[in-house]
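Colleague: Hi, could you walk me through this one? I have a few quick questions.

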Amino acid sequence: LGTPLVALFGSTSAPLTGPTGKHSRVINVPVECNPCFLPECPIDFRCMNGISVERVTAAVLDIFYY
């Protein structure tokens, strides 16, 4: 539909379930236990906690201004 989208991925696989297209950005942190597909992390949420506000902000600015 052309709607800009920034998707944050943790326990799932962005290549399998993520958005595609020039109006989307995927942010994830490669960790040894990813993808686990678990609904709750048994360790420490490192895949989500590793995503910084700065990375999300940069992706949002990139998708809207470039």
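Modeller: Happy to go through the overall layout, the core, the cysteines, the salt bridges and the surface.

Colleague: Before we start, what kind of model is this?

Modeller: This is a predicted model, so please read everything below as computed from that prediction.

Colleague: Fine. How many helices and strands does the protein chain have, and in what order do the elements run?

Modeller: There are 3 helices and 2 strands in the protein chain. Starting at the N terminus, the order is β-α-β-α-α. Along the principal axes, the C-alpha atoms fill a box of roughly 40 × 25 × 15 Å.

Colleague: And what share of the residues is buried?

Modeller: The protein chain has 66 residues, and 20% of them count as buried. As for contacts between residues at least 6 apart in sequence, 47% join residues at least 24 apart.

Colleague: Which residues make up the largest nonpolar core?

Modeller: That core has 6 residues: Ile 27, Val 29, Val 31, Cys 47, Ile 51 and Ala 59. In soluble globular proteins, nonpolar side chains tend to be buried together.

Colleague: Take Ile 27, then. What is Ile 27 in contact with, beyond its neighbours within four places in sequence?

Modeller: Ile 27 touches Val 6, Ala 7, Leu 8 and Phe 9, and also Ile 51, Arg 55, Val 56 and Ala 59. Two of these partners, Ile 51 and Ala 59, are listed in the largest nonpolar core as well.

Colleague: You mentioned Cys 47. How many disulfides are there in the whole structure?

Modeller: The search finds 0 disulfides. Cys 33, for instance, is in no disulfide, and its nearest cysteine sulfur, that of Cys 36, is 6.1 Å away.

Colleague: And why is there no bond for Cys 47?

Modeller: Because the closest cysteine sulfur, in Cys 41, is 6.1 Å from the sulfur of Cys 47, which is too far for a bond. The cut-off used for a disulfide is 2.5 Å between the sulfur atoms.

Colleague: Are those two buried or exposed, Cys 33 and Cys 47?

Modeller: Cys 47 is buried, at a relative accessible area of 11%. Cys 33 is partly exposed, with 28%.

Colleague: Switching to charges: how many salt bridges does the search find?

Modeller: It finds 3 salt bridges in the whole structure. One is between Arg 25 and Asp 62, with the closest N and O atoms 2.6 Å apart. This pair links distant parts of the chain, as Arg 25 lies in strand 2 and Asp 62 in helix 3, 37 residues apart. Arg 25 is partly exposed at 23% relative accessible area, and Asp 62 is partly exposed at 25%.

Colleague: What about Arg 46? Which residues are linked with it in a network?

Modeller: Glu 32, Asp 44 and Arg 46 are linked in a network of salt bridges. The closest N and O atoms are 2.3 Å apart for Arg 46 and Glu 32, and 2.9 Å apart for Arg 46 and Asp 44. Glu 32 is exposed, with 64% relative accessibility, while Arg 46 is partly exposed at 29%. Asp 44 counts as partly exposed too, at 37%.

Colleague: Last one, the outside. Which residues make the nonpolar surface patch?

Modeller: Val 60, Leu 61, Phe 64 and Tyr 65 form a patch of about 430 Å². Val 60 sits in helix 3, which covers residues 53-65, and is partly exposed at 31% relative accessible area. For the protein chain as a whole, the accessible surface is about 4800 Å², and 61% of that belongs to carbon and sulfur atoms.

Definitions and conventions. Residues numbered from 1 in each chain as written. Predicted model: local features only at pLDDT ≥ 70, side-chain atom pairs only at ≥ 80, totals over all residues. Heavy atoms only, no water. Buried < 20%, exposed > 50% of the residue type's maximum accessible area, 1.4 Å probe, protein only. Patch = residues over 30% accessible without salt bridge, like charges linked within 9 Å, V, L, I, M, F, W, Y side chains within 5 Å. Areas by Shrake-Rupley, 256 points an atom, 1.4 Å probe, with all protein chains shown as cover. Salt bridge = Lys/Arg side-chain N within 4 Å of Asp/Glu carboxyl O. Helix = DSSP H or I, 4+ residues; strand = E, 2+ residues; numbered from the N terminus. Core = buried A, V, L, I, M, F, W, Y, C linked by side-chain atoms within 4.5 Å. Contact = heavy atoms within 4.5 Å.
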